[in-house]
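Hi everyone, thanks for making the time. I'd like to walk you through one structure today, so please take a look at the model while I talk.

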Amino acid sequence: VADLLREGADPARTPLLYNGIGVPPRRQEMAGSRTGKRAELGLGQGPVIVCVANLIPYKGHSDLIDAMALVHRAVGDDWTLMMIGRDDGIGPGLVDRAEEAGLGTHIRFLGERSDIQDLLQVSDLFVLPSHEEGFSNAILEAMAAELPVVAANVGGNPQAVEAGVSGMIVPPRNPQAMAAAIAKLLQDGGLRREMGAAGRRRVEDKFSLRACLDEYDAMYRSLLAAGSG
């Protein structure tokens with residue numbers, strides 16, 4: 001919106017409308033499929049962190065690997081990180097980085113997937129370490145799946161995630177701050193559940209498909225009313 005206004009757009013005709021997504025069934029309603037999917041993936045009982053982002057340098061995957069090396073020292077071996085997304089050329093380097101950090105058995109590169117909702121359901125924490133971002137549907141989908149979110153403070157991330165309520169917002173390109181936030185959530189299951197529930201409520205109230213359609217409807221009615229006047 002700020003860019004459009006700088007280019008001369010009419011403020012009265014330039015509202016901000018947020019993305020809307022379909023909201024899946026609640027986590028407790030999918031407990032059975034969650035257990036089956038974890039078994040299919042060979043996941044243990046430890047917490048699962050998930051990052052859904054194509055393997056592109058600005059998405060910050062290398063920062064996340066560095067952060068997980070610090071987390072590993074703080075919380076030990078009982079965790080898995082799933083990296084989900086198309087490899088746009090940096091995949092082999094990320095695999096090498098994970099191996100060099102001694103995390104090869106903990107970090108799984110799952111590539112492009114069509115079962116994202118199922119993978120979110122088996123996860124316990126969502127992380128988006130981007131250096132730049134627009135307004136991330138991946139974050140909204142994670143919150144709808146009742147996952148607490150750790151996200152870099154770029155683009156629309158702090159508008160989607162209420163810091164300290166539905167997740168934690170950390171400085172970009174800062175593995176230390178990211179590690180601290182991830183470790184805190186891994187060590188506190190109650191906080192994870194509390195933030196996950198808050199994220200679900202936020203999506204239902206503000207970022208559902210119905211909320212998005214209502215905003216579009218209100219915008220067009222407002223524009224029509226202004227034009228007729």
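Let me begin with one side chain, F126. Leaving aside residues up to four places away in sequence, F126 touches V50, V52, L120, A138, I139, A142, L147, P148, V149 and V150. Please keep in mind that this is a predicted model.

Where does F126 belong in the bigger picture? F126 is among the residues with the most contacts inside the largest nonpolar core. That core has 60 residues, and the others at the top of its contact list are L64, M68, I139, M143, V150 and I182. You may recognise I139 and V150, which F126 touches.

Now let's step back to the whole chain. There are 10 helices and six strands in its secondary structure. The radius of gyration is 19 Å, close to the 17 Å that the globule rule gives for 229 residues, so the chain is as compact as a globular protein of that length. Along the principal axes, the C-alpha atoms fill a box of roughly 65 × 40 × 30 Å. Of the 229 residues, 46% count as buried. And if you take contacts between residues at least 6 apart in sequence, 71% of them join residues at least 24 apart.

On to how helices pack. Two packed helices are described by the angle between their axes and the distance between the axes. Here are three pairs to look at.

We can start with helix 3, residues 61-75, and helix 4, residues 91-100: they pack at about 10°, with axes 10 Å apart. That angle makes helix 3 roughly parallel to helix 4. From helix 3, the residues involved are H61, S62, I65 and D66, and they meet L94, R97 and A98 of helix 4. By class, this contact has three nonpolar, two polar and two charged residues.

While we're on helix 3, have a look at A74, which is also in that helix. Is A74 buried or exposed? It sits in between: A74 is partly exposed, because its relative accessible area is 48%, and exposed would need over 50%. The C-alpha atoms of A74 and A179 are separated by 9.1 Å, although the two residues are 105 apart along the chain.

Next come helix 8, residues 175-186, and helix 9, residues 189-207. Their axes cross at roughly 100° and come within 6 Å, so helix 8 and helix 9 are roughly perpendicular to each other. Here K184, L185 and L186 of helix 8 meet G189, L191, R192 and M195 of helix 9. Those contact residues divide into four nonpolar, one polar and two charged.

Helix 9 also packs with helix 6, residues 137-144, at an angle of about 120° and with the axes 7 Å apart. Helix 6 and helix 9 are therefore oblique to each other. On the helix 6 side we have L140, M143 and A144, meeting G196, G199, R200, V203 and F207 in helix 9. M143 should ring a bell from the core list.

Last, a bit of backbone. Most residues other than glycine have a negative phi. Which residues have a positive phi although they are not glycines? Two of them are E146, at about 65°, and R173, at about 55°. E146 lies in the loop between helix 6 and strand 5, and R173 is in the loop between strand 6 and helix 8. R173 is exposed, with a relative accessible area of 60%.

That's my tour, and I'm happy to take questions.

Conventions. Residues are numbered from 1 along each chain as its sequence is written. This is a predicted model: local features need pLDDT of at least 70, side-chain atom pairs count only at pLDDT 80 or more; totals for chains, interfaces and linings use all residues. Side-chain values use heavy atoms; hydrogens and water are left out. A nonpolar core is a set of buried Ala, Val, Leu, Ile, Met, Phe, Trp, Tyr and Cys residues joined through side-chain atoms within 4.5 Å. Buried means under 20% relative accessible area, exposed over 50%, partly exposed in between (1.4 Å probe, protein chains only). Contact means heavy atoms within 4.5 Å. Axes are lines fitted to C-alpha atoms, for helices over the stretch in contact, and angles run from 0 to 180 degrees between N-to-C directions. Helices (H or I, at least four residues) and strands (E, at least two) are DSSP runs, numbered from the N terminus. Angles under 35 degrees count as roughly parallel, over 145 as roughly antiparallel, 65 to 115 as roughly perpendicular and the rest as oblique. Ala, Val, Leu, Ile, Met, Phe, Trp, Tyr, Cys and Pro count as nonpolar, Asp, Glu, Lys and Arg as charged, and the others, Gly among them, as polar. The radius of gyration is taken over C-alpha atoms; the globule rule is 2.2 Å times the number of residues to the power 0.38.
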